Amino acid sequence: MRTLLDLVVPLECAGCGVPGEHWCPVCSLALFVPPIVVRPRVDPGVPCWSLGTYSGPRRSGVIALKERGRRSVARLFGRALAEAVGHLRDAGEIDPPELSSLILICAPSRARAARARGGDPVLRCARIAAEQLAPERVLVPELLRMTGGVRDSVGLSAGQRQHNVAGRIEAVGVTRPRAGERVTGSADFTVLLIDDVVTTGATLAESARVLTDFGVPVAGALVVASA
C-alpha cells in the first residue's frame, strides 16, 4: 500500500532514482550479496561483516531511510540482513539455528536523532530481519542506549569518535555479572551487533565492550555498508 508521501512525491527507487519502484532489481544486485569482512580503523574486537561499501545504492538507501523517511527501505535492508545471516551460517562463521538461537542487538544512536526520524531506523531493519528469519526464535532486545553528551559524529576523526562514545553507551535491562561470570545459557544463543553504516568502528567497539563487560558474548557485527 502506498503511503501519503508516495501520493504526494512521485515513486522512485531509493537506490538510484528510477521511477515507478521502491527499490529496483538492479539496485537489489548491490544489496542481496554475501557479506564481506571489513576491518574498521577502531577494532571492535569481534568480526565485522558488511554488505558492501557506503556507495551507490547502499549509500542512497541509507540516506533515504534516515534522512528522507523512506520506511520502505527498512524492509529491503531487513531482508538483505536476514539473507546475510544465512550466508554467515552457511560459511560456518556463526552457529546454525539448530545449535543456538539468534539475538540481534542494534548499535545505539542518539535519542534526539531517533526521535527526529520517528524511531530508530536500524532497530526497524533488525526487527524485519528477525521476521524474515522465522520460524526459528530470533530476538531483538533493546539492550544498548547512548547516554547524554554524545555529539553528532559527522566530521569527527577516528580518535574523536572513539572519545565521543567512550563510557557513553550503557546496557539496560541486564545485571552486571561477577568477575569472570558469563550470562546463564550464553552458549545457547548467538549475538550479532547490527548497524546501518560502520565508519570508524568506534560505536561498534564500545557496544561490544559494554556487552562483553556484562557477560554477553558477541559473535560479530553485521552492517549494511562500510565507509
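Is Glu170 buried, partly exposed or exposed? At 28% relative accessibility, Glu170 counts as partly exposed, a value to keep in mind until the tour reaches its salt bridge. The coordinates on screen are a predicted model, and every stop below should be read in that light.

**Stop one: the largest nonpolar core.** Begin by selecting Leu31, Phe77, Leu81 and Leu104, which have the most contacts inside the largest nonpolar core, a set of 43 residues. If you then colour helix H3 (56-67), helix H4 (72-90), strand E3 (101-106), helix H6 (121-132), strand E7 (189-198) and strand E8 (220-226), you will have marked elements that each supply at least two residues of this core. Among the contributors, H4 gives the most, with ten residues. In soluble globular proteins, nonpolar side chains tend to be buried together. Apart from this core lies another, of 30 residues, and selecting Val42, Val191, Leu193 and Ala208 will show you some of its members.

**Stop two: helix H4.** Next, select H4 by itself, a helix of 19 residues that reaches 28 Å from its first C-alpha to its last, close to the 27 Å expected at 1.5 Å a residue. Its buried residues include Val73, Phe77, Leu81, Val85 and Leu88, and Arg89 is also one of them. Show strand E2 (48-50), H3, E3, H6, E7 and E8 around the helix, since these are the elements against which the buried residues of H4 pack. For a single-residue view, centre on Leu81, which, leaving aside its neighbours within four places in sequence, is in contact with Leu51, Cys125, Ala129, Ile194, Leu222, Val223 and Val224. Following the chain out of the helix brings you to Gly92, whose phi is positive, near 75 degrees.

**Stop three: Val198.** Now move to strand E7 and select Val198, which counts as buried because its relative accessibility is 4%. A distance label between the C-alpha atoms of Val198 and Ser226 should read 4.9 Å, although the two residues are 28 apart along the chain. Ser226 is one of the contacts that Val198 makes beyond its neighbours within four places in sequence, the others being Val38, Pro40, Cys48, Leu204, Val223, Ala225 and Ala227.

**Stop four: the salt bridges.** A search of the whole structure finds six salt bridges. Select Glu131 and Arg75, whose side chains meet at 3.9 Å, N to O; Glu131 lies in helix H6 and Arg75 in helix H4, so the pair ties together parts that are 56 residues apart in sequence. Arg75 itself is partly exposed, at 40% relative accessibility.

Staying with H6, select Arg127 together with Glu142, a salt bridge in which the closest N and O atoms are 3.0 Å apart. Because Arg127 belongs to helix H6 and Glu142 to the loop between strand E4 (138-139) and strand E5 (144-146), this pair ties together parts that are 15 residues apart in sequence. Arg127 counts as partly exposed at 40% relative accessibility, whereas Glu142 is exposed, with a relative accessible area of 52%.

The tour can now return to Glu170, whose side chain meets that of Arg145 in a salt bridge (2.5 Å, N to O). Arg145 lies in strand E5 and Glu170 in strand E6 (residues 169-171), so parts that are 25 residues apart in sequence are tied together by the pair. Arg145 is partly exposed, with a relative accessible area of 45%. As a last selection, display Glu206, Arg209 and Asp213, which are linked in a network of salt bridges.

How values were computed
Residues numbered from 1 in each chain as written. Predicted model: local features only at pLDDT ≥ 70, side-chain atom pairs only at ≥ 80, totals over all residues. Heavy atoms only, no water. Core = buried A, V, L, I, M, F, W, Y, C linked by side-chain atoms within 4.5 Å. Buried < 20%, exposed > 50% of the residue type's maximum accessible area, 1.4 Å probe, protein only. Helix = DSSP H or I, 4+ residues; strand = E, 2+ residues; numbered from the N terminus. Contact = heavy atoms within 4.5 Å. Expected span 1.5 Å × (residues − 1). Salt bridge = Lys/Arg side-chain N within 4 Å of Asp/Glu carboxyl O.
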